[in-house]
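Q: Hi! Could you walk me through this one? I'd like to start with how far to trust it.

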Amino acid sequence: MESVVLVVHLIIALSLIGVVLMQRSEGGGLGMGGGGGGVMSARGAATALGKVTWGLAIAFIISSLALTIIARQQLGSSSTLDSLPAAEQSEDGTALPGLGSDLLPPVLPSDAANDAAPAEETDPDLPPAPASN
């Protein structure tokens with residue numbers, strides 16, 4: 001069902017693009033004038049294309065809503081986050097390497113977190129910082 005609605009939606013979108021491009025530019029929005037010499041009169045073509053444009057626009061909105069409703073029904077109540085495995089913890093409380101644990105800072109055990117003083121780390125590739133007075 002979703003495939004059929006999607007194909008219809010794409011056909012409507014392409015038709016809407018084509019009809020909009022066929023319309024005559026009346027306001028000179030891009031600095032181009034509309035060309036004359038059509039089979040229909042200018043007023044008749046404008047109303048016919050305008051009605052087709054409105055019809056395709058309404059059909060496009062309806063097919064968009066239908067696709068949204070179909071996608072929501074297929075989704076169910078599950079979440080993407082429910083399908084991800086949780087980061088495993090080792091015995092001392094630090095995160096083990098695995099999915100997602102490399103994105104989080106390491107977890108210190110509760111005893112070490114209170115006793116640990118911030119250590120000053122320097123990069124051996126960088127020159128030493130000037131001493132401040």
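A: Happy to! Confidence here is given as pLDDT, the predictor's confidence in each residue, from 0 to 100. This is a predicted model, so to speak for local features a pLDDT of at least 70 is needed, side-chain atom pairs count only at pLDDT 80 or more, and totals for chains, interfaces and linings use all residues. Residues are numbered from 1 along each chain as its sequence is written, and side-chain values use heavy atoms, with hydrogens and water left out.

Q: Where is confidence highest in the protein chain, and where is it lowest?
A: Helix α1 is at the top with a mean of 94, while helix α4 (residues 110–115) is at the bottom with a mean of 55. Across the protein chain the average pLDDT is 73, and 47% of the residues score at least 70. Where pLDDT is low, the predicted coordinates should not be read in detail.

Q: Thanks. How many helices and strands does the protein chain have?
A: There are 4 helices and 0 strands, and the order from the N terminus is α-α-α-α. Helices (H or I, at least four residues) and strands (E, at least two) are DSSP runs, numbered from the N terminus.

Q: What share of the protein chain counts as buried?
A: Of its 133 residues, 9%. Buried means under 20% relative accessible area, exposed means over 50%, and partly exposed is in between (1.4 Å probe, protein chains only).

Q: Let's go to helix α2, then. Is Thr53 buried or exposed, and why?
A: Thr53 counts as buried because its relative accessibility is 16%. Thr53 sits in helix α2, which spans residues 42–75. Setting aside residues up to four places away in sequence, Thr53 touches Leu16, Val19, Val20 and Gln23; contact means heavy atoms within 4.5 Å.

Q: And Ser63, which residues is that one in contact with?
A: Val5, His9 and Ile12, leaving aside neighbours within four places in sequence. Ser63 is also in helix α2, and at 7% relative accessibility Ser63 counts as buried.

Q: What does Leu49 touch?
A: Leu49, another residue of helix α2, touches Val19, Met22 and Gln23, again not counting residues up to four places away in sequence. Leu49 and Gln23 are 26 residues apart in sequence, with 6.7 Å between their C-alpha atoms.

Q: How far apart in space are Ala71 and Glu2?
A: Their C-alpha atoms are separated by 8.0 Å, and the two are 69 residues apart along the chain. Ala71 lies in helix α2 and counts as partly exposed, at 37% relative accessibility.

Q: What about contacts over the protein chain as a whole, how much comes from residues 24 or more positions apart?
A: Such pairs account for 62% of the contacts with a separation of 6 or more.

Q: Switching to the surface: which residues make a nonpolar patch?
A: Leu14, Ile17 and Leu21 do, covering about 360 Å². Patches are made of residues with over 30% relative accessible area and no salt bridge (a side-chain nitrogen of Lys or Arg within 4 Å of a carboxyl oxygen of Asp or Glu); like charges are joined within 9 Å, and nonpolar side chains (Val, Leu, Ile, Met, Phe, Trp, Tyr) within 5 Å. Areas come from the Shrake-Rupley method with a 1.4 Å probe, and for residues only the protein chains shown count as cover.

Q: Which helix holds Ile17?
A: Helix α1, residues 2–22. Leu14 lies in helix α1 too, and Leu14 is exposed, with a relative accessible area of 62%.
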